[in-house]
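Subject: Structure handover

Hello,

Here is the structure for you to look over. My notes follow below it.

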Amino acid sequence: MRESAEYLLKKLKEKGADDIVIRSVKSEGVNIKFANNKVVKNGLEIMHGIGVFFTKDKKILATNFQDKDPKNLKKQIELFVNSSMKFSSFLQANKDYNGIARGSFKYKEIKDLYDKKAEDLDEINCVQKGINTALKNSEKTNGIFEKAIEEGVLLTSNNVDKDLKGTYLYFSIRAFNKDGSGHSNTCSRMLNKLEIEKSAEEAAKIAKLSISPKEGDSGKYDIVFGRMPTIVFANQIAESCSPFSVESGVSFLTDKIGKKITNIDFIDDSLKENGYNSTPCDDEGFPTQKTELIKDGVLKTYLHNSSTAKKYNTKSTGNAGLIEPHSSNLIIEKGKCSEVSDLIKEVKNGLYVTNVWYTRYQNYLTGDFSTIPRDGCFIIKNGELKNSVKNIRISDNMLNIMENIVAISKEKKQLKSWEAQNPGFVPEILVKNVNVSKAKI
Amino acid sequence: MYEDLADFSLKYLQDKGAKYAEVRLEESKSNDFVLKNGNLEVASFNEITGIGIRFTVNDTLGFLNINLLEKEKIKTIIEKAIKVTKNSSKIGEKTKFSEEKAHTAKYSIKQKKSVDESPDSKLKEIFEIDKIIKNVDNRFISVDDSLVKKYYINSDGSRIISEIPRTSLFYFLTILHNKKSIQRHFMYGSTKGYECLKEWNIHENLAEEVKALTNNLKNGISIKPGTMDLVTAPEVTGIAVHESCGHPLEADRILGREGAQAGESFVKKDMIGEKIGSDAINIYDDPTMEESYGFYLYDDEGVKARKKYLQKKGVITEFLQNRQTAVEFNIKSNGSARASAFDREPLIRMSNTLVEPGNFSENEIFEGIKKGIYLKSFMEWNIDDKRWQQKYVGSEAYLIENGKITKPVIAPVLEITTPALWSSVDALSKKMEFFAGPCGKGEPLQSMPVYMGGPHMRLRGVHIR
């Protein structure tokens with residue numbers, strides 16, 4: 001793995017490439033899908049990917065090298081480098097490109113990124129535990145268990161040489177009980193922090209509570225959003241924090257630096273212990289950090305790599321992405337909100353939305369969007385959960401949602417989801433005055 | 001290619017006791033170009049070869065994928081996969097595949113401008129397109145072309161070799177005026193080489209689109225919510241048929257296999273023969289359409305593709321099936337299984353899902369409307385995971401008064417249930433159009449190329465706000 005990466009770096013340097021980043025990762029994965037309480041797919045994978053990024057006179061090429069014939073590795077690399085340089089020669093310079101980080105660097109130690117116990121895990125047993133736990137309060141379960149063990153190396157032309165190693169665990173379970181359903185996810189780097197049974201219990205509890213939903217009504221509601229929708233909102237905010245999104249016209253946080261936009265603190269923390277996306281260095285080898293993107297409700301910075309940081313006259317936040325900065329672990333802290341052990345008790349007339357899906361924008365710049373509650377969605381009256389409802393839609397504006405967050409729950413949980421691929425540690429949140437629509441016919 | 005490795009894998013699986021086995025060897029090449037506000041952000045070319053394998057042992061389904069092209073490594077992962085799958089059979093679904101004819105076939109689509117051609121002339125064409133929209137406040141264009149060579153074999157004796165090129169162009173525009181903005185994204189796509197960039201008429205379409213969106217932004221009115229008639233242009237007809245007719249008729253959703261993420265369906269197993277649309281509605285899914293973005297002739301289970309009528313006169317006639325679901329319905333598969341690449345399992349997917357045209361001219365569609373809305377294009381849309389209630393918000397949209405298009409309308413909203421939508425259609429135009437898009441399903445997510453489309457449709461008495 002290192003041999004091919006080093007030879008690629010050497011050859012690209014010899015051919016005159018300016019900035020070079022080689023990321024070679026070997027991944028062994030397990031992916032078990034279950035449906036109707038049965039395992040329906042046992043997936044195994046072994047993949048070796050070598051990502052190659054280089055620039056020549058500000059012309060940027062991102063490609064990959066695959067070692068198809070290990071006996072002739074050097075010859076393959078030489079041919080690959082020649083064709084890559086030729087391809088690059090036809091490109092136009094990227095006027096906005098300002099280079100990669102210049103090392104060498106010292107990196108911080110992060111606890112709990114690799115778990116040896118994950119290597120010999122009985123994954124079927126994990127799945128069975130989840131299904132059996134959920135079936136105590138539900139009739140049917142669907143979901144997925146994923147495990148990946150990754151090992152690799154990051155080399156750059158600017159003195160970065162960093163070995164990478166990690167375990168990644170993810171469990172998602174949706175429980176059904178008659179016409180009710182509930183969904184809960186958990187992810188972790190360490191096996192003992194993967195909350196399989198807790199998630200299964202939560203999904204089944206919601207499923208049981210949500211049996212026989214009534215038609216919901218349109219109107220304005222104070223809404224307690226569970227952690228599944230909160231991680232979706234956190235992903236939307238993080239994507240809007242990318243300068244690439246701002247420049248593409250797809251950020252509702254355009255021109256909002258220095259402005260008060262919410263009551264929460266919103267943090268990106270690559271150094272978080274057991275963080276699913278924690279890493280000591282970003283994709284260009286720059287040391288990562290904990291960044292307060294929003295502090296006391298004020299947007300402080302966007303996510304940056306070295307190139308965008310230079311353009312915006314600021315410092316890298318350690319979030320490369322070579323083309324586009326990206327988040328690591330998203331964390332919502334209370335900021336100027338209250339922190340409440342039971343958010344539902346705070347609500348006189350509202351909804352408890354445990355999951356959403358299909359979040360789409362009419363206008364990314366203004367933040368006009370809608371998303372659909374799915375699984376248990378409950379009426380709250382005078383601090384108590386009442387009946388479940390169906391067939392409604394949250395049709396509002398993302399800046400309104402952010403502005404109207406008034407309280408968060410004390411407990412946070414690490415999760416990611418189908419619709420929110422960037423993981424985070426998120427609480428439940430209470431948002432005032434949210435617009436809900438529904439189909440008239 | 002590495003056919004010998006695929007042949008070896010199949011034999012090794014059979015020797016190790018697999019009752020059913022299939023091997024997909026895929027060699028893909030692709031180029032991607034990304035322009036942001038006229039600046040070439042990045043270009044990439046990628047080549048990857050890998051093997052995806054499905055098999056059953058103890059009637060339980062196993063899947064593996066690998067891109068290490070060495071016999072010993074493949075042997076090791078096959079042995080491990082068989083062990084894991086056997087271990088899971090205690091809680092595994094009893095997997096059966098419908099009996100299907102074995103096929104030996106070879107087909108390919110020729111590219112005039114190939115994936116291997118140097119990027120200079122390709123980039124030149126993209127920059128020319130960008131020139132058309134150089135005055136747009138924010139603009140983003142990405143263009144991809146690819147070629148996938150596939151070698152498929154299974155234990156039933158099928159051997160299918162294909163070479164499929166695809167090209168797509170996506171753009172996203174933001175137009176600003178007096179602190180207001182309007183946005184639009186759109187995608188072109190075909191199963192062809194890069195030459196299709198010149199065939200899509202992008203220059204003219206983009207210029208017209210920017211003019212229309214600017215007019216909407218500057219002069220658009222808001223409408224008073226109420227019940228009125230609606231005309232959907234082919235783009236809106238297309239998204240509606242894809243979301244609320246194609247997805248709910250996928251048999252794996254109906255049987256609950258995709259319940260965790262992509263969801264289930266309001267359509268139940270016994271609903272063949274039920275009427276959910278008006279007499280005007282005929283809907284089909286046809287992967288065999290030449291040059292279409294969802295084109296294929298054999299699916300990823302080796303079944304020959306064919307045109308399927310999903311609804312005739314508003315009555316459900318057929319579900320989309322693969323070999324596993326076909327067993328549950330005691331029928332043959334209709335060839336709807338596709339995987340996005342060698343590292344994903346085949347799932348039931350739409351291909352080109354279309355509303356069949358009617359007998360009306362476009363003028364006749366509008367003539368009968370006293371007051372209504374014309375949704376020419378859309379921006380925001382979504383639908384619940386049972387495909388029961390959906391929302392489409394206009395991007396380019398107009399007021400119809402006394403049979404004529406009069407004023408532009410800002411973001412009119414159609415929020416409606418599936419039966420209400422399809423039951424309210426009383427007229428379809430003669431001409432149909434197709435629109436390319438990526439369709440998402442499965443975990444890990446698989447994005448599949450599809451066409452969506454149909455004619456202009458007239459809906460009577462729907463609520464618009």
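Chain A has an open sheet of six strands in the order 11-10-9-12-22-21, with mixed pairing. Two strands count as paired if DSSP finds at least two bridges between them. Helices (H or I, at least four residues) and strands (E, at least two) are DSSP runs, numbered from the N terminus. At the edges sit strand 11 (298-299) and strand 21 (413-415) of chain A, each pairing on one side only. Inside this sheet, strand 9 (residues 265-269) and strand 10 (residues 290-295) of chain A run antiparallel, joined by four bridges. There, D269(A) stands opposite K290(A).

Before the rest, the ground rules. This is a predicted model, in which local features need pLDDT of at least 70 and side-chain atom pairs count only at pLDDT 80 or more, while totals for chains, interfaces and linings use all residues. Residues are numbered from 1 along each chain as its sequence is written, chains are lettered from A and ligands numbered from 1 in the order in which they are written, and side-chain values use heavy atoms, with hydrogens and water left out.

**Strands of chain B**

Strand 6 (residues 159-177) of chain B pairs in the parallel sense with strand 4 (residues 104-108) of chain B, over five bridges. A105(B) has I160(B) as its bridge partner.

Strand 6 of chain B also runs antiparallel to strand 5 (residues 138-154) of chain B, with 16 bridges. S142(B) faces F170(B) across that pairing, standing opposite it. Strands 5 and 6 of chain B make a hairpin with four residues between them. In its turn, G157(B) has a positive phi of about 105°.

Next comes strand 7 (residues 180-190) of chain B, antiparallel to strand 6 of chain B and joined to it by eleven bridges. Y171(B) is matched there with F186(B) as bridge partner. This is a hairpin too, with two residues between the strands. N178(B) in the turn has a positive phi of about 50°.

**The interface of chains A and B**

How many residues of each chain are in contact? The count is 97 in chain B and 83 in chain A, where contact means heavy atoms within 4.5 Å. The area buried between the two chains is about 7500 Å², and carbon and sulfur atoms give 52% of it. Buried area is the accessible area (1.4 Å probe) that two parts lose on being put together, summed over both. On the side of chain B, F45(B), I91(B) and E443(B) lose the most area to chain A, together 10% of what that side buries.

Eight salt bridges are counted between chain B and chain A. A salt bridge is a side-chain nitrogen of Lys or Arg within 4 Å of a carboxyl oxygen of Asp or Glu. R393(A) and E415(B) meet in a salt bridge at 2.5 Å, N to O.

Polar contacts across the interface come to 55 residue pairs, both residues at pLDDT 80 or more. The rule asks for a pair of N or O atoms within 3.5 Å; within protein, one must be able to donate a hydrogen and the other to accept it, and residues adjacent in sequence count only if both atoms are side-chain atoms. Strand 2 (residues 39-57) of chain B gives the most to the side of chain B that touches chain A, with eleven residues.

The chains also share strand pairing. Strand 2 (residues 38-56) of chain A and strand 3 (residues 60-66) of chain B pair in the parallel sense over five bridges. I46(A) stands opposite I66(B).

**Local points**

- E14(A) and K11(A) form a salt bridge at 2.8 Å, N to O. Both lie in helix 1 (residues 2-14) of chain A, three residues apart, about one turn of the helix.
- The peptide bond from A320(A) to G321(A) is cis, with omega near 20°. G321(A) is in the loop between helix 7 (306-311) and strand 12 (330-333) of chain A.
- E443(B) and P444(B) are joined by a cis peptide bond, with omega about 0°. P444(B) lies in the loop between strand 22 (433-441) and strand 23 (446-454) of chain B.
- N37(A) is not a glycine, yet has a positive phi of about 70°. N37(A) is in the loop between strand 1 (20-35) and strand 2 of chain A.

Best wishes
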